[in-house]
Number of protein chains: 2
Amino acid sequence: MNASIQDINGIIHGRLRLGVMAYLSSVNPASFPELQQKTGATNGNLSTHLTKLETAGFIRQEKGYSGKRPQTLVHLTPAGRDAWIEYLGAMRDMLKL
Amino acid sequence: MNASIQDINGIIHGRLRLGVMAYLSSVNPASFPELQQKTGATNGNLSTHLTKLETAGFIRQEKGYSGKRPQTLVHLTPAGRDAWIEYLGAMRDMLKL
DNA sequence: AATTTTAGTTTGTTTTTCAAACTTGTTTGT
DNA sequence: ACAAACAAGTTTGAAAAACAAACTAAAATT
């Protein structure tokens, strides 16, 4: 296969989005504040990147309530999981891990 | 250790620079055209990113000649190798590879 | 001697990243 | 009950990064 940088999904590769995807790959779904805490991002920044991942079809944002407070649950979609697997493969190959 | 995105070196992480570092980690030094071919970057773009890696102290650009043609050889510095090792560790940990 | 090719740098535009400021609604203190 | 502080996000504007086109300079080719 011998992956090179062209094979690395740029949407996933961004630092913050990579953190989100990595976390979602083991904790799915995860809440917005949970992701914020795990990534250390500001809420504004996280919001922007989630929108980007959502536009790419990798995650889904479910807006509901926890009690009376609004709560967004972020789900990894099947397409997102596929893309994640592929990303891992490409990185493993490229970095020779 | 449990690495998160904060532990990932942003200079190295950029797509193109990552390709350069990965290549240099096994072929050191490498010529400018060789890197261009391997990464698929335009020469302008590659030049910019090499400058960035050089400023960070991760590579050294040796300007010499191959016969009469100018040839830039790009060397991974010891600091660059250290940073690379650390990057690999952080990624391995974060991606659970 | 004109044209093409090689090797790179500089410059300007587009894209991306990021955080401050704002919005909307909730809880807490007095 | 009313104001102040808090929580959960979104919008927006500024800074940084990525990228490719245009340029420079010298060598090889015709």
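**Figure 1. The rotation axis that relates chain A and chain B in this predicted model.** A:L97 is the residue of chain A that comes closest to the rotation axis, with its C-alpha atom at 3.7 Å. Chain A is superposed on chain B by a rotation of 180° with 0.0 Å of shift along the axis, and the RMSD is 0.1 Å. The two copies are thus related as by a two-fold rotation axis. A:L97 returns in the next view, as one of three residues that contribute to the area chain A buries against chain B.

**Figure 2. The interface between chain A and chain B.** On the side of chain A, 24 residues are in contact with 24 residues of chain B. Of the interface residues of chain A, 96% are also interface residues in chain B, so the copies meet through the same surface. The size of an interface is often given as the accessible area lost when the parts come together. Here the area buried between chain A and chain B is about 2000 Å². Carbon and sulfur atoms give 69% of that area. A:I5, A:R15 and A:L97 together supply 32% of the area that chain A buries against chain B, more than any other three residues.

**Figure 3. The fold of chain A.** Chain A is built from five helices and three strands. Read from the N terminus, the order of its elements is α-α-β-α-α-β-β-α. Along the principal axes, the C-alpha atoms fill a box of roughly 50 × 25 × 20 Å. Chain A has 97 residues, of which 42% count as buried. Among contacts in chain A with a separation of 6 or more, 54% are between residues 24 or more positions apart.

**Figure 4. The protein surface near DNA strand C.** There are 19 residues around DNA strand C, and those that come nearest are A:R17, B:N43, B:S47, B:K63 and B:T72. Of the atoms of DNA strand C that come within 4 Å of the protein, sugar and phosphate account for 68%. Both chains take part: helix 4 (43–55) of chain A, and helix 3 (32–39), helix 4 (43–55) and strand 3 (69–76) of chain B, each supply at least two residues of this surface. Helix 4 of chain A gives the largest share, five residues. By residue class, the surface near DNA strand C divides into three nonpolar, 10 polar and six charged residues.

**Figure 5. Polar side chains at DNA strand C.** B:N43 faces a base: a polar atom of its side chain lies 2.5 Å from a base nitrogen of DNA strand C. Two lysines, one from each chain, are placed at phosphate oxygens of the strand. For B:K63, the distance from a side-chain N or O atom to a phosphate oxygen is 2.6 Å. For A:K52, the corresponding distance is 3.3 Å.

**Figure 6. The protein surface near DNA strand D, with three phosphate contacts.** DNA strand D is surrounded by 18 residues, the closest being A:N43, A:S47, A:K63, A:T72 and B:R17. Sugar or phosphate makes up 73% of the atoms of DNA strand D within 4 Å of the protein, and bases make up the rest. The surface near this strand divides into three nonpolar, nine polar and six charged residues. An N or O atom in the side chain of A:S47 is 2.7 Å from a phosphate oxygen of the strand. For the side chain of A:T72, the distance to a phosphate oxygen is 2.4 Å. From the other chain, B:R17 has a polar side-chain atom 2.5 Å from a phosphate oxygen of DNA strand D. Two or more residues of the surface come from each of helix 3 (32–39), helix 4 and strand 3 (69–76) of chain A, and from helix 4 of chain B.

**Figure 7. B:H49 and its contact with B:R17.** B:H49 is part of helix 4 of chain B. Leaving aside residues up to four places away in sequence, B:H49 touches B:L16 and B:R17. The side chains of B:H49 and B:R17 make a polar contact of 3.0 Å. B:R17 is also among the residues closest to DNA strand D.

**Figure 8. B:Q37 in helix 3 of chain B.** The relative accessible area of B:Q37 is 57%, over the 50% cut-off, so B:Q37 is exposed. B:Q37 and B:L95 are 58 residues apart in sequence, and their C-alpha atoms are 28 Å apart in space.

Methods. Residues are numbered from 1 along each chain as its sequence is written. Chains are lettered from A and ligands numbered from 1 in the order in which they are written. This is a predicted model: local features need pLDDT of at least 70, side-chain atom pairs count only at pLDDT 80 or more; totals for chains, interfaces and linings use all residues. Side-chain values use heavy atoms; hydrogens and water are left out. A residue is near a molecule or strand if one of its heavy atoms lies within 4 Å of it. A polar contact is a pair of N or O atoms within 3.5 Å; within protein, one must be able to donate a hydrogen and the other to accept it, and residues adjacent in sequence count only if both atoms are side-chain atoms. Helices (H or I, at least four residues) and strands (E, at least two) are DSSP runs, numbered from the N terminus. Ala, Val, Leu, Ile, Met, Phe, Trp, Tyr, Cys and Pro count as nonpolar, Asp, Glu, Lys and Arg as charged, and the others, Gly among them, as polar. Copies are superposed by least squares on the C-alpha atoms of residues with pLDDT of at least 70 in both. Contact means heavy atoms within 4.5 Å. Buried means under 20% relative accessible area, exposed over 50%, partly exposed in between (1.4 Å probe, protein chains only). Buried area is the accessible area (1.4 Å probe) that two parts lose on being put together, summed over both.
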